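The following exercises concern one protein chain. Please study the sequence and the structure, then attempt each task before reading its solution.

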Amino acid sequence: MAAPGARGSSLAGLLPAQTSLEYALLDAVTQEEKDSLVYQYLQKVDGWEQDLSVPEFPEGLEWLNTEEPISVYKDLCGKVVILDFFTYCCINCIHLLPDLHALEHTYSDKDGLLIVGVHSAKFPNEKVLDNIKSAVLRYNITHPVVNDADASLWQELEVSCWPTLVILGPRGNMLFSLIGEGHKDKLFLYTSIALKYYKDRGQIRNHKIEIKLYKDSLPPSPLLFPGKVTVDHVSNRLVIADTGHHRILVVLKNGQIQYSIGGPNPGRKDGVFSESTFNSPQGVAIRNNIIYVADTENHLIRKIDLEAEMVSTVAGIGIQGTDKEGGAKGEEQPISSPWDVVLGTSGSEVQRDDILWIAMAGTHQIWALLLDSGRLPKKNELQKGTCLRFAGSGNEENRNNAYPHKAGFAQPSGLSLASEEPWRCLFVADSESSTVRAVSLRDGAVRHLVGGERDPMNLFAYGDVDGVGIDAKLQHPLGVTWDKKRNLLYVADSYNHKIKVVDPKTKNCTTLAGTGDASNVITSSFTESTFNEPGGLCIGENGQLLYVADTNNHQIKVMDLETKTISVLPVFRPENAVVDGPFLGEKQKTLPKLPKSAPNIQLPPVAASPGQTLQFKLRLDLPSGTKLTEGVPSCWFLTAEEMPEVELEPKYLLAIRKWMPKSYLQSMPFK
């Protein structure tokens, strides 16, 4: 049956026919009825005189996970293709990925199916191929991805929101579109019947599409996309969410791993440490040897008991929830993509840490988990274990309001508590609105601090501008931490690759560290050092040190706020040498012995306290007319009394690397 009129290539051409199909599916009872309706729909669409054809991928686009660029009308001819229009910051796009993974496990390219991710960036930072590479690895995307940086395909098809799926037939003909998340049943139904329909007609080809996974080219490293970090002020330890390795690390301040819980693969299992698993954990909070974890992609809050060496679930049911009110007991309450957690106190004046505040990114809200019976602002007494919404309507907005349930957040991703007067609030890194907000713990009122703009519906008011209040601009901030010693708030301005500092009294926001370049340069200057999408940060050593989860650099950086120096925390097991990241393509080599003639220089004693940064400078004065021969190994040792290995700041390693072969540096006995 021919459809009237000529057909353009926008998704609007599918709307009338697909809308009729979806209304009919609402009345269908059995699976056979549903299959038949979709089959009949395909007969109708396939019979149109003119295909509703998708345009060819423009030349010159950058591709990931493929040997070479893909053509719709050459490589994909004979395939049912799903185009996934996504942007990697978007929580709804992240929610869709498990559905696509499941579909890929059900049907392969030999069955006639291929998924192609079309990355259409929201933020300027997301247009950069290296940043998309990191996201592809973080989210374990194994199908081809094209960087449509200028949104040319998006505009030609008139795509309107993230995520959008477009299902194509074997001629590049558009068959279906699915907008938003939560359509898994329809996705499987439409795909399976499309494969059957075109196989019945002999139009499916089983040729293989050459895949070259980006993750296969990466070297191993001790940390992989660490998302968050927190300090245990009692035991002088750090807790790191090693997100890409799906594990939680408890490390001493020198970087030595004390506990490694979960990993290396994703999973969802409680029990003893050796058996427990997580799935892309983010936020961590610790008190009295108990760690609470935002187990993001499991949609759970987990509890790690370091004394019993056990992991348990305290909130969530393991599948993505849509409830925006809550109120059930934690382990019975569905939740959605918790991204950060912080401990706080209920209405009692005594500091008890009896509430776990949760940045619920998936529903754009702030939630609370009662660790003991207590009271929230404007709430009656609540029982221990209750998990419920505290602030946010659930609408994705940048809306401030005196009534917490009428306020709107947009993917809140970082939390920090200022419990003392006059602040008494939660600070929130609201990533998709590119703002920092404050939620009063007196009455729940939500107010603006910096970033964004006044229109609550505009989530595109981003930039990189130091300033006051609304004149300051951020780009997708993911982390905040409160410095009660200085009454300042530090912000991980993630997509600007900077650490910024906010005075909540004046609302003044300035750059503290980072140049804005996504790289890994460490110098003696805060403003000359660089980061790569830092996702979390915390204050330690009574306000002296700022620990930063430098996510895409796979490092924890240590910023000394007094000396203004930056170093990298070496992460290592007690029995191992330094593991702060191997060099590409090189293997560990045997440590050479120094000759007896090597000079031994003793330095005067220096008193040092735990956590203090020591600076050691080495200058080589070579005899006149001599030089170091390129490629010939050199080696030196640094030892101290009762301390066989001394930590050196990476800036000195950088200087040494200029004249020493990398392979020997890697085996040196210092961190």
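**Exercise 1.** How many bridges join strand 28 to strand 29, and do the two run parallel or antiparallel?

*Solution.* The model is a predicted one, in which local features need pLDDT of at least 70, side-chain atom pairs count only at pLDDT 80 or more, and totals for chains, interfaces and linings use all residues. Residues are numbered from 1 along each chain as its sequence is written, and side-chain values use heavy atoms, with hydrogens and water left out.

Step 1. Strands are DSSP runs of E with at least two residues, helices are runs of H or I with at least four, and both are numbered from the N terminus.
Step 2. Strand 29 covers residues 488-493, and five bridges link strand 28 to it in an antiparallel manner.
Step 3. V480 lies opposite V491 of strand 29.

**Exercise 2.** State the order of the strands in the open sheet, and identify its edges.

*Solution.* Step 1. The order of the five strands is 27-31-30-29-28, with antiparallel pairing; two strands pair if DSSP finds at least two bridges between them.
Step 2. Strand 27 (467-468) and strand 28 (479-483) are the edge strands, each pairing on one side only.

**Exercise 3.** Explain where the buried residues of helix 2 lie around its axis.

*Solution.* Step 1. The buried residues (under 20% relative accessible area, 1.4 Å probe, protein chains only) of helix 2 are V38, Y39, Y41, L42, V45 and D46.
Step 2. Because they cover an arc of only 160° around the axis, they are on the same side of helix 2; the arc is taken from the directions from the helix axis to the C-beta atoms.

Technical notes. Buried means under 20% relative accessible area, exposed over 50%, partly exposed in between (1.4 Å probe, protein chains only).
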